[in-house]
Amino acid sequence: MGADKETLSFQAEVKQLLHLMVHSLYSNKEIFLRELISNASDACDKLRFEAIAHPELLQEDKDFVIRVSFDKAARTITVSDNGIGMSREEAIQHLGTIAKSGTREFFARLTGDQQKDAQLIGQFGVGFYSSFMVADRVTVISRRAGLPVEQAVKWESDGTGEFTVEPASRAERGTDVILHLKEGEDELLSRWKLAEILRKYSDHIAIPIRMKKERWDKDKNEYVLTDEEETVNQASALWARPKGEISEQQYKEFYKHVAHDFTDPLAWTHNRVEGRTEYIQLLYIPSRAPFDIWDRHQRHGVKLYVRRVFIMDDAEQLLPAYLRFVRGVIDSNDLPLNVSREILQESRDVKAIREGCTKRVLGLLEELSQDRKDDYAKFWAEFGQVLKEGIGEDAANRDRIARLLRFVSTASDGAPTVSLADYVARMKPAQKAIYYLTADSLEAARNSPHLEIFRKKGVEVLLLTDRIDEWVLSFLTEFDGKPLASVAKGDLDLGELADAQEKEQQQKIADEYKELVSKLKEALGDKVKEVRVTLRLTDSPACVVVDRDEMSAHLQRLLKAAGQKVPPVVPILEINPQHPLVQRLKFEQAKLSDWAHLLLEQAQLAEGGQLQDPAAFVRRLNTLLLDAGVKA
Ligand code: ADP
Ligand code: MG
């Protein structure tokens, strides 16, 4: 136990955060109070939960309260709570470092452009450190519940690079945060002003926030503080109140508290569920993805309460992983207060809650997609890739999720706005399948030779470029009774789309090219599985395809890039009999082997693939070019 005063350095990322805040986050300084109240409320929740197993922690005081006071002469504002408090070690940890996963990566992304970074930092959340927007010195005096009076800690910093910790004493458990205001912030030294900020941002806090009353002093001709206190917020759990009594603004502020987010949510759903298991759900869709959405170990955002008592923060059992962007509160009437993670995993009540919440969130997204299309587009841009995981993960809701998917297609501009239902509605009368193409980028997709025949026939094709699309589609084999078919797989059967005359012609051409096809196959040996004539091309001489049940070239590349061993898939080479190059090859003798390889290689390149032996390709190309030049 270090008994003396120690001077310590902030973690590098905290220093960066503090610097940015002081120099560029001016726009809305009053949110510092919201952050401090939010922390005080969290501290009370944590203690209430710990006290279930250790009731003696509440011995000194059972009622939780947050106090906000100010001192005009000393120019300080103090926020006090009787929550869980911090030990010396905890103060060093919690107020000197940022524990969020991915913090380092996040800070590495900051650009140094203060405007842009200020935006980013809003997404990250500034929490406790927002005190330094209005204070040039912050003192924290805290005692961990259960520790003796003289084992409190005093933490202090001017928010530049260092902070000090030293022993202190505090009569009650809990924490005081004392802000020594900067020059020019005197406006905050007013009961009226502080109460206004509290009502604006912290009304939803379930713990009473108390302030001293004022009375008019005739002699001094000004308001003076009395010893009498009053509660300035509603002090009841927001989610337990009837919907009709909660304003939009209150819903939004509550979101910022539970989600530790600085932006308004996109949408929410609030319900009291009755039946075999009873619970309240208040679930929000954020408007922006948190910086660590791709971190699989990211904490899940739904807080679990049992009859208003906070139980845990990251109860991942409450929602499936593909809805990990959802934030909010579940308050159960049935779970035991001493519920553990192990119990959560087994509980039938939790299973019912999870199913109920999943349905609600999907319902909310459906509403958004129908009634607020612009907001749904925003949602899709931020979280679409996460939601897609549900196609593989949640077989029971696969169809509902499939309806929520949005794609880019050959019929849309670059934005992902096409739903499967839109696609089906636009299908040609004789069209049997929903066609898609996977590629590494939108540009590669749009230029793919596989699209040529579809363009000619006016058949829409979905263009898929997300890394997880192939995986998703392995679970989504049909929609609305229509199979999903890759345009780069299998023998292309445009079904009735090809008219009788075309079919006849196709047969004729196949016969005509029989000899060339077998010669090409011979020249290429086991580099190809088969060579065949195709009608799918209009402009390109050749393309490669794989069999329907085989891995696409795109997926092979993805897996290889991810360092996985991929069993070799031998492609099928399809040639375009309408192309002059192919037509000429019927009469080629000497260089046929070079031509065969060149056709295969250019088809692989056009797909975005890489050649096994690029040097050989270049050699062949030059030989044939030279040849052509000499002839001309
Ligand atoms: P966050 O609230 O998102 O965790 P903050 O920067 O607001 O981040 O707070 C950092 C940490 O400091 C909290 O997680 C908590 O552990 C600790 N802390 C802050 N204020 C208090 C308080 N009033 N009582 C106890 N712990 C606190
Ligand atoms: Mg906080």
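## Basis of the description

Two strands are taken to pair if DSSP finds at least two bridges between them, and helices (H or I, at least four residues) and strands (E, at least two) are DSSP runs numbered from the N terminus. This is a predicted model, in which local features need pLDDT of at least 70 and side-chain atom pairs count only at pLDDT 80 or more, while totals for chains, interfaces and linings use all residues. Residues are numbered from 1 along each chain as its sequence is written, chains are lettered from A and ligands numbered from 1 in the order in which they are written, and side-chain values use heavy atoms, with hydrogens and water left out.

## The nine-stranded sheet

An open sheet of nine strands follows the order E1-E6-E5-E4-E7-E3-E2-E8-E9, and its pairing is mixed. Strand E1 (6-9) and strand E9 (222-231) are the edge strands, each pairing on one side only. From one strand to the next the twist averages 25°, where axes are lines fitted to C-alpha atoms, for helices over the stretch in contact, and angles run from 0 to 180 degrees between N-to-C directions.

Helix H6 (residues 191-202) lies across E2, E3, E8 and E9 and runs at about 150° to E8, contact here meaning heavy atoms within 4.5 Å.

## Strand E2 and its neighbours

In a regular strand the side chains alternate between the two faces of the sheet. Strand E2 (residues 66-71) shows this alternation: Ile66, Val68 and Phe70 point to one face and are buried, whereas Arg67, Ser69 and Asp71 point to the other and are not. Buried means under 20% relative accessible area, exposed over 50%, and partly exposed in between (1.4 Å probe, protein chains only).

E2 runs antiparallel to strand E3 (residues 76-81), to which six bridges join it, and parallel to strand E8 (residues 209-217), to which it is joined by two bridges. Arg67 takes part on both sides, standing opposite Ser80 in E3 and having Arg210 as its bridge partner in E8. The hairpin of E2 and E3 has four residues between the strands, and in it Arg75 takes a positive phi near 55°. Farther along the order, E8 and E9 run antiparallel and are joined by seven bridges, with Met211 opposite Glu230 in E9.

## Helix H7 and its surroundings

Helix H7 (residues 248-259) has 12 residues and spans 16 Å from its first C-alpha to its last, close to the expected 16 Å, a value defined as 1.5 Å times one less than the number of residues. Of its 12 residues 10 are buried, so that H7 counts as mostly covered; among the buried residues are Tyr251, Phe254, Tyr255 and Val258, and also Lys252, Glu253 and Lys256. The cover includes helix H2 (31-53), H6, E10, E11, strand E12 (302-306) and strand E14 (327-332). Just after H7, His260 takes a positive phi of about 55°.

## Aromatic contacts

The structure holds 20 aromatic pairs, counted where ring centres of Phe, Tyr and Trp (its six-membered ring) lie within 6.5 Å, with planes under 30 degrees apart called stacked, over 60 edge-to-face and the rest tilted. Trp268 and Tyr284 form a tilted pair, 6.0 Å centre to centre with 55° between the planes. Because Trp268 lies in strand E10 (residues 267-273) and Tyr284 in strand E11 (residues 279-285), the pair ties together parts that are 16 residues apart in sequence. Trp268 is partly exposed at 22% relative accessibility, whereas Tyr284 is buried at 0%.

Ring pairs also link Phe10, Phe128, Tyr129, Trp155 and Phe163 into a cluster.
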